[in-house]
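Here's a quick tour of a protein model, written for the bench. Have a look at the sequence and the fold, then read on.

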Amino acid sequence: MTSAQKIKQVVTFRIETEEFGLPITDVYEIIFVPQVTSIAKAPKSIVGVINLRGEIIPVIDLRIQFLKEPIKSKKQRIIITGSQGIVIGLLVDEVKEVQPIDENSLEPVPDMIVNEQTAYMRAICKMDNRLIILLRLDHLLNKLDMNFIINEVENGEENIQ
């Protein structure tokens, strides 16, 4: 199939009722939501930055990225991960579990739903009565959002309100 077959375990998380997953090798850590500092003129889904042990990390709210209304909940977590050499945080509704993946449970994304807006989908994992959408971090954010993040990281805290 694809390189998705090499995935042995995924960290699963929820946005509303939908389940998503990231290969465990892409997840650096999972943290409680600390104080998030907003950034002037940031794209809507980039809700701000956090200071994690001295490193400034941009935080993307996946609810907003997936066109849902933002919420605040005690179950929310930030998944620290990376894309294109930049460490980012993904704000999710709830982290569910680390799930082993059987290569036979992975299906390619159906051609009829593949487009620029769904390029973030790496594969679909079928498990019992669940469907878990495996994400491609390098396609999750558009080029403008990634350029903003790269500039923000390079410029440090200049634009933080």
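## Surface and burial

How much surface does the protein expose, and what share of it do carbon and sulfur atoms supply? The protein exposes about 9,200 Å², with 49% supplied by carbon and sulfur atoms; accessible areas here come from the Shrake-Rupley method with a 1.4 Å probe, and for residues only the protein chains shown count as cover. Of the 161 residues, 45% count as buried, meaning under 20% relative accessible area (over 50% is exposed, in between is partly exposed; 1.4 Å probe, protein chains only).

A word on ground rules: this is a predicted model, where local features need pLDDT of at least 70 and side-chain atom pairs count only at pLDDT 80 or more, while totals for chains, interfaces and linings use all residues. Residues are numbered from 1 along each chain as its sequence is written, and side-chain values use heavy atoms, leaving out hydrogens and water.

## The fold

You'll find 3 helices and 11 strands, which are DSSP runs numbered from the N terminus (helices: H or I, at least four residues; strands: E, at least two). Along the sequence they go β-β-β-β-β-α-β-β-β-β-β-β-α-α. Among contacts (heavy atoms within 4.5 Å) between residues at least 6 apart in sequence, 59% join residues at least 24 apart.

An open sheet takes in 6 strands, ordered β8-β1-β2-β11-β10-β9, with mixed pairing; two strands pair if DSSP finds at least two bridges between them. At the edges sit β8 (94-100) and β9 (106-107), each pairing on one side only. Strands β10 (residues 121-127) and β11 (residues 130-135) run antiparallel, joined by 6 bridges, and Met127 stands opposite Arg130 in β11.

## The cores

A nonpolar core is a set of buried Ala, Val, Leu, Ile, Met, Phe, Trp, Tyr and Cys residues joined through side-chain atoms within 4.5 Å. The largest one has 29 residues, and Phe13, Leu62, Leu90 and Leu135 touch the most other members. Elements giving two or more residues to this core include β1 (9-15), β7 (86-92) and α3 (143-155), and β7 gives the most, with 4 residues. Apart from this core lies another, of 9 residues, including Cys125 and Ile132.

## A closer look at Ile50

Ile50 belongs to strand β4 (residues 46-52). Its relative accessible area is 1%, so Ile50 is buried. Leaving aside residues up to four places away in sequence, Ile50 touches several others, among them Ile31, Pro34, Val59 and Ile80. Ile88 is 38 residues from Ile50 in sequence, and their C-alpha atoms are 9.7 Å apart.
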